[in-house]
Amino acid sequence: LVLCLCAPPGTMFAVTQTASKALLAVPSKASKTRTGRVVSKTSVAAAVPHSAIESGKKAMLTGILAATFAVGSVDPAQAATVFAGKYIDPNHPHCPREIDADGVISGVDPVPFAKGRGCRGYKKKNEAAAVEAGKISLWSIKGVVSKDDATILIDFNQKDGSGESFTGKWNGVGIEFPDGNVWEKIDASGKPTSGAVLSEK
């Protein structure tokens, strides 16, 4: 934050301090003495005590810091949800599951879709060809994350017309659903954060 004091060349400024705010005072016009020296009619040093100047500096610094923190602060409500990340789904091994910071769930399902069927051999680089061949389908659902970030509502009916809608809760390692299935969060390398082993189905 830069404070610019703009005035004609030669103008002098003094900082004065009042109970409510700091003011900038311009000294009265200067006059020449017989010797040719320029002397201010008002003595700045006498009019502005050193303590007042220091107090003004502190007030200005405090204001700058307050403005900086106000701009740089982040509303916790806007922070990413704990659910954001990639998961493995035991009911559909090797079928990617991912949730973004806005609670949107995206995934890949085998075709035909059935509980227990997986996506073994799935590779992102071959995704388009697999979709075109009718081997897999891609889907996306807008989940609803609770205000306390403890649960997420997923309406699976949006993707397959199954009529199923579940509320999963965060259990520390993943999302636990009422039917006992747990989507376990995986790290950047694709390994479960809890050390679980991927199914070979």
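Two strands count as paired if DSSP finds at least two bridges between them. In this predicted model, strands E5 and E6 meet that condition, with three bridges in the antiparallel sense. Within this pairing, Tyr-87 has Arg-97 of E6 as its bridge partner. E5 also runs antiparallel to strand E13, residues 182-186, and three bridges join the two. Here Lys-86 is matched with Ile-186 in E13.

These strands lead on to the pockets. The largest pocket encloses about 600 Å³ of space. Its lining comprises 27 residues, and those closest to the centre are Lys-86, Pro-96, Arg-97, Tyr-122 and Ile-186. Thus the bridge partners Lys-86 and Ile-186 both belong to this central group. Arg-97, the partner of Tyr-87, belongs to the group as well. Four elements give two or more residues to the lining: strand E5 (85-88), strand E6 (97-99), strand E7 (104-110) and strand E8 (136-142).

The second largest pocket has a volume of about 300 Å³. It is lined by 16 residues, and Asn-91, His-92, Glu-164, Phe-166 and Asp-179 lie nearest its centre.

The two linings divide by residue class as follows.

| Pocket | Nonpolar | Polar | Charged |
|---|---|---|---|
| Largest pocket | 13 residues | six residues | eight residues |
| Second largest pocket | six residues | three residues | seven residues |

Which charged residues are among those closest to the centre of the largest pocket? Lys-86 and Arg-97 are among them, and Lys and Arg both count as charged. In the second largest pocket, Glu-164 and Asp-179 are among the residues nearest the centre, and Glu and Asp also count as charged.

Notes: Residues are numbered from 1 along each chain as its sequence is written. This is a predicted model: local features need pLDDT of at least 70, side-chain atom pairs count only at pLDDT 80 or more; totals for chains, interfaces and linings use all residues. Side-chain values use heavy atoms; hydrogens and water are left out. On a 1 Å grid over the protein atoms alone, a cavity is a set of points where a 1.4 Å probe fits but cannot get out, and a pocket is an open set with protein on both sides within 12 Å along at least five of seven lines; lining residues have an atom within 4 Å of a point. Grid points are joined across faces, edges and corners, and a volume is the space filled by probe spheres set on the points.
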